Amino acid sequence: MASVPSLASTLDQRIADALSAVVPEAGAADPLLRRSDRADFQANGMLALAKKLKGNPRELAAKVVGALPAGDLIRDVEVSGPGFLNITVSDKAITETLAARAADERLGVPLAEQPGTTVIDYAQPNVAKEMHVGHLRSAVIGDAVVRILEFAGEKVVRRHHIGDWGTQFGMLIQYLTEHPHELDHKDASSGEEAMSNLGRLYKASRALFDSDAEFKERARRRVVDLQAGDEETLALWQRFVDESKIYFYSVFGKLDMDIRDEDVVGESGYNSMLAETCRLLEESGVAVRSEGALCVFFDDVKGPDGNPTPLIVQKSNGGYGYAATDLSAIRDRVQNLGADTLLYVVDARQSLHFKMVFETARRAGWLTEGVRAVQLPFGTVLGKDGKPFKTREGETVRLVDLLDEAVERATAVVREKSEKIGLTEAEIVGNGNQVGIGAVKYADLSTSAARDYKFDLDQMVSLNGDTSVYLQYAYARIQSILRRAEGVSAKAHPELELAAAERALGLHLDRFAETLAEVAASYEPHKLAAYLYQLASFYTAFYDQCPVLKAEGGPAQVENRLFLCDLTARTLHQGMALLSIRTPERL
């Protein structure tokens, strides 16, 4: 179905046409339409236009009002202040527009007319290491951005750039070579087992590496074997990667995230390109040798001593740095995957690194004029004390422990409320999981990604305030009303007058498509979270002020209010799904 124009876009076009009719020489003037607390909308474009034409803005505004076509869209329009137009749309226009949205399975949200290909790099844990609270934001933000872009019609290629290469593997592989049965009888069927096996092996190999000089030397030689592609060494390395994936997938599973094996392309996936990347940079003069290392210099990047701080692509000992891998990944993603947008959901503390990498790729011609590279930097997860989130012992918080506690807290909240609606134990457990994981995701996504935020489980699972639980309960409340309607249809009645709370809810529902367009263009999921919270708030006011099943206006008003309930529920459900948050039917 074709997209449904919003009331704002239709009104904007009507005023623009009136402006052109009144002042043809102005061309396509912008009415500068926005939402207003004085009316439904306010148009301010007459002020700038009158100033440009050296005319009186109030007189111009009055002429525009006279040129507006009669019809069902506008109920009232008045000239206000120095020349604003305050516009109230008709109840009929609101209901008819919402009915058109409701008739479309996409709620009137258009698909992109010219979709591109976006490669998004997110959720990047490290092999043989536990995932901690620091891994939460990249995964949650990236997953939401993927869903929003795909819903908008963009072709999205996921890339999970896991840390699966480096000197630590020499130590791990050498230890496994000398203790060959360490993983044999402990092949993990669960993520917890896998991480337990890896964690134990890592600690044992690290202890030996630190205490035994001969083992340390053997481990270093093993790194050389790994980088040279020795078959036995690579086979053992693959065991670590496979074991780690079992663990990763179990944690992402708890987060209700779908990570596909073909999308996991770690640092090792670019090994074959590293030498060529360095050769191309050096031959083109983009990179130069400095004290034996291959470096790229920037006029605006200097260290504390005032000297230039380079991007080191290859170390003086011949080893490759992160920059070589990241630059090779750009080459692959643009040349082989056909990306016209590269997104990196990466900690804000790596912003300088990526700024230098992107600039280097531009100089080398790998990021051409038609390709954008964008870092979506995110802040730190803080504890209630406002400091980086740690355990009482000062350790980094394990992500699994954090998610388990969130589900435990949420399940207690669900259980407390369950007696009124008679949930089964299976429903309590299922809803507790959806509410707990949703609470963690929403707390992250309702904050601007670049900002730090405090991790406060008590607030996250609260039924009051800007939480996912508040939104989930609004959805469940609507489902309860629809079940109790017992065969009465949810049907739009454009002929009915709307109460103030109905109008406010309707006007907000109409903004869903334009909100998603803005969120997809700016990669800012927190704006969708804000829209959904406002929607739940408008619905709560509607619920308090407008009886649904016992509406005083008779059967038509009951049907119309059920229609508003149903469209609100569908919008909440779709919006929450784009944030990767479930909406239980009964809570």
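Trainee: Which residue is the bridge partner of R34 in β2?

Mentor: In this predicted model, R34 is bridged to Q42 of β2.

Trainee: What makes β1 and β2 a pair in the antiparallel sense?

Mentor: Two strands pair if there are at least two bridges between them. β1 and β2 (residues 41-43) have three bridges, in the antiparallel sense, so they meet the criterion.

Trainee: What is the order of the strands in the open sheet?

Mentor: The order is β1-β2-β4-β3, four strands with antiparallel pairing.

Trainee: What makes β1 and β3 the edge strands?

Mentor: β1 (33-35) and β3 (74-80) each have pairing on one side only. From one strand to the next, the twist averages 25°.

Trainee: Which helix lies across β3 and β4, and at what angle to β3 does it run?

Mentor: That is α3, residues 57-67, which runs at about 165° to β3. The other strand it crosses, β4, covers 84-89.

Trainee: Now a charged residue. How do you know that R106 has no salt bridge?

Mentor: A salt bridge needs a side-chain nitrogen of Lys or Arg within 4 Å of a carboxyl oxygen of Asp or Glu. The nearest side chain of opposite charge to R106 is D104, at 5.5 Å, so the pair fails the cut-off. R106 is nevertheless buried, and its place in the chain is the loop between α4 (91-102) and β5 (117-121).

Trainee: What does the side chain of R106 reach, and at what distance?

Mentor: It reaches the backbone oxygen of V109 at 3.0 Å. The limit for a polar contact is 3.5 Å, so the distance qualifies.

Trainee: Which residues is R106 in contact with, leaving aside neighbours within four places in sequence?

Mentor: L111 and F151.

Trainee: Why is helix α6 called largely enclosed by the rest of the structure?

Mentor: Helix α6 (residues 168-178) has eleven residues and eight of them are buried, so the description follows. Buried here means under 20% relative accessible area. The residues that pass are F169, G170, M171, L172, I173, Q174, Y175 and L176.

Trainee: What covers the buried residues of α6?

Mentor: The cover includes three helices: α7 (191-211), α8 (213-228) and α9 (231-254).

Trainee: How many helices and strands does the protein chain have, and what share of its residues count as buried?

Mentor: There are 20 helices and 13 strands. Of the 587 residues, 51% count as buried. The C-alpha trace spans about 90 × 65 × 45 Å along its principal axes. For contacts between residues at least 6 apart in sequence, 73% join residues at least 24 apart.

Notes: Residues numbered from 1 in each chain as written. Predicted model: local features only at pLDDT ≥ 70, side-chain atom pairs only at ≥ 80, totals over all residues. Heavy atoms only, no water. Helix = DSSP H or I, 4+ residues; strand = E, 2+ residues; numbered from the N terminus. Axes fitted to C-alpha atoms, helices over the stretch in contact; angles between N-to-C directions. Contact = heavy atoms within 4.5 Å. Buried < 20%, exposed > 50% of the residue type's maximum accessible area, 1.4 Å probe, protein only. Lys, Arg positive; Asp, Glu negative; His and termini not counted. Polar contact = N/O pair within 3.5 Å; in protein donor to acceptor, adjacent residues only side chain to side chain.
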